[in-house]
Amino acid sequence: MSDIREMSLTEQHELVNQKVRHKRLPFSKLMQRILLITAGAVLMGVGLEIFLVPNNVIDGGIVGVSIMLSYITGWQLGLFIFILNIPFFFIGYKQIGKTFAFSTLYGILILSVTTTLLHPVPPLTNDVLLATVFGGIVLGIGVGMVIRYGGSLDGTEILAILANKKLPFSVGEIIMFFNLFILGSAGFVFSWDRAMYSLLAYFVAFKTIDVTITGLDESKSVWIISDNFQEIGDAIINRLGRGVTYMKGEGAFSGDEKKVIFCVINRLEEAKLKDIVSENDPAAFLAVADIAEVRGGRFKKRDIH
């Protein structure tokens, strides 16, 4: 009887495993991921070898350490980038998953090859400020593309994720600590003005990564609570061309039932939506929040006349 019960539990466990087992990406999606990770890694290589490295400006993380070691030893930058990131590939494989790990390994391999091939190419500019700003932008776009499509080009993020489990700091705070230490070290290897330029390049790259991941066409979620929900909802549909969803709510203090309007707009429509709400109910509750990505549903804008 216990054997039958044990077999039954085993079968149930296997059934659950089959349901949650990783599904393979369709070929078209896989090719898209490979192409965009390749493009991202190449762009980062361009940002490094055509702008930052020839002007003795470094990036943060393992790449920053690699730039300083390459400068000190005279060895190829790509060699250090690849070797120093190998341990983080194995850590990422065990802790985050094989898809992320192999995407990261592939991206780092492309980055290493790109920096090696571009090393003999002269810099696009010798103006340190221009190299810092434009190098940071190009590098940030490349890193953002790789992150957006499931990989990473630096092992610092993986190390920060693991440290976050044992330290009372967020992943972002840990990465910032590592990078401040690394970027500050550029002052000893190059000069202190180059360390300050490196901080500027890191800031520009950081903001560019953020824009690349979230996209320029940033969406916003909107929550509206009003007794005039029908009028507001109709106006959003007819004047903005956006769909709305009505949800039931209840005031915790009053106990009154309320209708909650939910919709998604882009940032250019925010002012018009606020006008709609103000016109129909100046006392309405309105909350607007940023959304990194929207998929599915009926988010596509309807034509309005």
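A residue is taken as buried when its relative accessible area is under 20% and as exposed when that value is over 50%, with partly exposed residues lying in between. In the predicted model described here, Thr104 has a relative accessible area of 4% and is therefore buried. Thr104 belongs to helix α5, which spans residues 98-118, and its side chain reaches the backbone oxygen of Phe100 at 2.8 Å. When neighbours within four places in sequence are left aside, the contacts of Thr104 are with Gly151 and Ser152.

For the protein chain as a whole, eleven helices and four strands are assigned. Of its 305 residues, 39% count as buried, and the accessible surface comes to about 18200 Å², with 64% of that area belonging to carbon and sulfur atoms. Among contacts between residues at least 6 apart in sequence, 74% join residues that are at least 24 apart.

The largest nonpolar core contains 34 residues, of which Met44, Leu48, Ile58, Ile67, Leu111, Leu139 and Leu153 touch the most other members. At least two residues of this core are supplied by each of the helices α2 (27-52), α3 (61-73), α4 (77-95), α5, α6 (128-148), α7 (156-164), α8 (171-189) and α9 (192-214). A second core, separate from this one, consists of 14 residues and includes Ile232, Leu240, Leu273 and Ile276. The surroundings of Leu48 may be given in detail: not counting residues up to four places away in sequence, Leu48 touches Val53, Pro54, Asp59, Val63, Ile67, Ile81, Leu111, Thr115 and Leu139.

Helix α2, which spans residues 27-52 and contributes to the largest core, is also the location of Leu35. The relative accessible area of Leu35 is 56%, above the 50% limit, and Leu35 is therefore classed as exposed. Together with Phe27, Leu30, Met31 and Ile34, Leu35 forms a nonpolar patch on the surface, and the five side chains named belong to residues with about 470 Å² of accessible area together.

The loop between α2 and α3 contains Asn56, for which the backbone phi is positive, at about 60°, although Asn56 is not a glycine. Most residues other than glycine have a negative phi. With a relative accessible area of 25%, a value that falls between the limits of 20% and 50%, Asn56 is accordingly partly exposed.

A search of the whole structure finds seven salt bridges. One of them joins the side chains of Arg194 and Asp193, with an N to O distance of 3.0 Å, and Asp193 counts as partly exposed because its relative accessibility is 33%. A further salt bridge is formed by Glu270 and Lys220, whose closest N and O atoms are 3.8 Å apart. This pair links distant parts of the chain, since Glu270 is located in helix α11 (residues 270-280) and Lys220 in strand β1 (residues 219-225), 50 residues apart. Both Glu270 and Lys220 are buried, and the two residues are linked with Lys274 and Asp290 in a network of salt bridges.

Helix α11 also takes part in the salt bridge between the side chains of Glu279 and Arg239, for which the N to O distance is 2.9 Å. Here too distant parts of the chain are linked, with Glu279 in helix α11 and Arg239 in helix α10 (residues 229-240), 40 residues apart. The accessibility of the two partners falls into separate classes: Glu279 counts as exposed because its relative accessibility is 53%, whereas Arg239, with a relative accessible area of 33%, is partly exposed.

A further pair of positions concerns helix α9, in which Asp210 is placed. The relative accessible area of Asp210 is 41%, and this residue is therefore partly exposed. Asp210 and Val143 are 67 residues apart in sequence, while their C-alpha atoms are 9.8 Å apart in space.

Conventions:
Residues are numbered from 1 along each chain as its sequence is written. This is a predicted model: local features need pLDDT of at least 70, side-chain atom pairs count only at pLDDT 80 or more; totals for chains, interfaces and linings use all residues. Side-chain values use heavy atoms; hydrogens and water are left out. Buried means under 20% relative accessible area, exposed over 50%, partly exposed in between (1.4 Å probe, protein chains only). A polar contact is a pair of N or O atoms within 3.5 Å; within protein, one must be able to donate a hydrogen and the other to accept it, and residues adjacent in sequence count only if both atoms are side-chain atoms. Contact means heavy atoms within 4.5 Å. A nonpolar core is a set of buried Ala, Val, Leu, Ile, Met, Phe, Trp, Tyr and Cys residues joined through side-chain atoms within 4.5 Å. Patches are made of residues with over 30% relative accessible area and no salt bridge: like charges are joined within 9 Å, nonpolar side chains (Val, Leu, Ile, Met, Phe, Trp, Tyr) within 5 Å. Accessible areas come from the Shrake-Rupley method with a 1.4 Å probe; for residues, only the protein chains shown count as cover. A salt bridge is a side-chain nitrogen of Lys or Arg within 4 Å of a carboxyl oxygen of Asp or Glu.
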